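Dear colleague,

I am handing over the structure below, and I would be glad if you kept it open while reading the notes that follow it.

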2 protein chains.
Amino acid sequence: MQINLARRIFDINDRVAERLRKVFESSGLLAVNVLGSPGAGKTSLIERSLEHLTNKLRVAVIEGDLATSLDADRLRRFGVPVVQINTGGLCHLDSTMIENVLSEFDLPTLDLLIIENVGNLVCPVRFDLGEACKIVVASLPEGDDKVAKYPTAFSSASVVVLNKMDLKNALNFDMDRFERDLLAVNPAVEMFRVSCCTGIGLDRWVDWLNQRAAS
Amino acid sequence: MQINLARRIFDINDRVAERLRKVFESSGLLAVNVLGSPGAGKTSLIERSLEHLTNKLRVAVIEGDLATSLDADRLRRFGVPVVQINTGGLCHLDSTMIENVLSEFDLPTLDLLIIENVGNLVCPVRFDLGEACKIVVASLPEGDDKVAKYPTAFSSASVVVLNKMDLKNALNFDMDRFERDLLAVNPAVEMFRVSCCTGIGLDRWVDWLNQRAAS
């Protein structure tokens with residue numbers, strides 16, 4: 001019965017996600033679902049992206065958190081529409097939560113909808129939000145074994161952004177191992193190495209996002 | 001119906017956890033449940049602890065992971081009994097998983113059972129494993145806002161071990177904010193600041209663990 005119920009939860013989620021996908025496509029906007037561990041730098045990456053994107057693209061953000069509006073507050077200063085979803089302790093966003101807040105946006109005027117998921121490298125992976133692609137943010141201090149240990153997140157990603165490259169010299173991070181593990185589970189993935197702190201590597205990432213959102 | 005089922009899952013978990021708690025108490029061993037984000041340093045902390053504890057205490061480890069036995073392999077070289085639980089993608093350990101592997105240990109000969117949970121700062125918190133205390137491992141690179149953003153993990157902890165203190169000078173981490181947020185949700189918590197890399201601060205943590213496990 002537990003299995004049946006879990007299947008039903010996923011079925012409902014997938015059905016609503018398909019509806020969302022059609023809405024996003026017919027509105028001509030790119031929806032991206034940003035995943036990663038707590039503290040990997042999801043909000044920082046969105047901040048840096050907004051700095052470089054807002055003049056060129058019309059962007060909005062949905063911010064998912066267990067509690068607080070700390071991250072939404074960080075993003076509102078960029079002058080883009082930001083809607084906060086507090087999950088009340090739930091470990092992931094689901095498609096119904098997204099559908100419930102969509103009326104707060106004027107979708108046809110948008111080029112890009114960034115959805116920042118709850119900080120969690122496990123549960124959000126299984127909940128399709130109708131996005132065109134999943135972006136996994138990982139960071140050097142988490143260690144070079146993270147792809148091997150959390151393969152589902154990395155295999156589901158269209159893009160992996162490896163953040164905190166500025167700490168490279170302070171850490172014993174085996175880049176070859178990380179990349180080898182990543183390509184083994186996801187040969188088609190795009191990878192960007194960045195530092196949201198110093199700005200290293202962000203130009204390539206922003207170019208990618210600009211190009212995808214404009215097409 | 002979803003709510004009722006969730007309640008039943010927690011009820012079953014709590015019932016088994018109470019049984020485990022009695023088993024641990026009657027065996028005279030201290031069971032600790034180690035939680036934290038992926039890459040916070042849970043396995044590293046256990047490695048450093050085993051280096052300092054094994055001569056004094058009889059220790060065993062249960063290692064929880066989505067997949068792989070990478071962490072169990074790291075710990076086996078210390079010559080202590082290690083049992084790996086692969087959750088098959090599930091985001092937390094539950095009490096039934098623990099009960100199912102207990103027969104692999106000779107419990108009355110043990111002083112300390114360390115249970116390393118799946119890397120996840122959200123879901124494992126709600127699943128009591130019969131432990132005497134929860135140890136939350138956090139790390140400086142995750143950022144000083146983590147207590148505010150993931151309050152349940154931190155409020156449920158008997159101990160918070162703040163790891164990667166060696167990176168302090170490379171990061172903009174507001175220690176006052178972290179501690180203020182922590183005391184606000186958990187005034188009775190014990191906190192240790194350590195670096196599993198350089199060894200800073202581990203003596204106090206190991207003393208605490210020795211003392212608790214020996215009493």
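To begin with the strands towards one side of the sheet, strand 6 and strand 7 of chain B run parallel and are joined by 4 bridges. Please bear in mind throughout that this is a predicted model. Within that pairing, V159(B) has E190(B) as its bridge partner in strand 7 of chain B. The connection between the two strands passes through helix 7 (residues 175–185) of chain B, and strand 6, helix 7 and strand 7 of chain B together make a right-handed β-α-β unit.

Strand 6 of chain B also pairs with strand 5 of chain B, again in parallel, through 5 bridges, and here V159(B) of strand 6 stands opposite I135(B). Of the 5 residues of strand 6 of chain B, 4 are buried, so this strand is largely enclosed by the rest of the structure.

Taking the sheet of chain B as a whole, it is an open one of 7 strands in the order 3-2-4-1-5-6-7, with parallel pairing. Strand 3 (82–86) and strand 7 (190–193) of chain B are its edges, each of them pairing on one side only, and the twist from one strand to the next averages 20 degrees. At the strand 3 edge, strand 2 (residues 59–65) of chain B pairs with strand 3 of chain B in the parallel sense over 5 bridges, and G64(B) finds its bridge partner in I85(B) of strand 3.

Two helices of chain B deserve a look against this sheet. Helix 2 (residues 42–53) of chain B lies across strand 1 (30–35), strand 2, strand 4 (112–116), strand 5 (133–139) and strand 6 (159–163) of chain B, and runs at about 165 degrees to strand 4 of chain B. Helix 8 (residues 202–214) of chain B packs on the sheet as well, where it touches strand 1, strand 4, strand 6 and strand 7 of chain B, and its direction makes about 140 degrees with that of strand 7 of chain B.

In chain A I looked at strand 2 (residues 59–65), which is mostly covered, with 7 of its 7 residues buried. V59(A), V61(A), E63(A) and D65(A) point one way from this strand, while A60(A), I62(A) and G64(A) point the other way, and all are buried. Strand 2 of chain A pairs in the parallel sense with strand 4 (residues 112–116) of chain A over 5 bridges, and it is joined by 5 bridges to strand 3 (residues 82–86) of chain A, which runs parallel to it. V61(A) takes part in both pairings, since it stands opposite I114(A) in strand 4 of chain A and has V82(A) as its bridge partner in strand 3 of chain A. Strand 2, helix 3 (residues 70–76) and strand 3 of chain A make a right-handed β-α-β unit.

Finally, how do the two chains meet? There are 31 residues of chain B in contact with 32 residues of chain A. On the side of chain B that touches chain A, helix 5 (146–149) and helix 6 (151–155) of chain B each supply at least two residues, and the largest share, 3 residues, comes from helix 5 of chain B. The residues of that side divide into 16 nonpolar, 9 polar and 6 charged.

A rotation of 180 degrees, with 0.0 Å of shift along its axis, superposes chain B on chain A with an RMSD of 0.0 Å, and that is the relation of a two-fold axis. Moreover, 100% of the interface residues of chain B are also interface residues in chain A, so the copies meet through the same surface.

With best wishes

Conventions. Residues are numbered from 1 along each chain as its sequence is written. Chains are lettered from A and ligands numbered from 1 in the order in which they are written. This is a predicted model: local features need pLDDT of at least 70, side-chain atom pairs count only at pLDDT 80 or more; totals for chains, interfaces and linings use all residues. Two residues are in contact if their C-beta atoms, placed from the backbone, lie within 7 Å. Ala, Val, Leu, Ile, Met, Phe, Trp, Tyr, Cys and Pro count as nonpolar, Asp, Glu, Lys and Arg as charged, and the others, Gly among them, as polar. Copies are superposed by least squares on the C-alpha atoms of residues with pLDDT of at least 70 in both. Two strands pair if DSSP finds at least two bridges between them. Axes are lines fitted to C-alpha atoms, for helices over the stretch in contact, and angles run from 0 to 180 degrees between N-to-C directions. A residue is buried if 20 or more other C-beta atoms lie within 10 Å of its own, exposed if 12 or fewer, and partly exposed in between; C-beta atoms are placed from the backbone. A crossover is right-handed if, with the strands pointing away from the viewer, the path from the first strand over the helix to the second runs clockwise.
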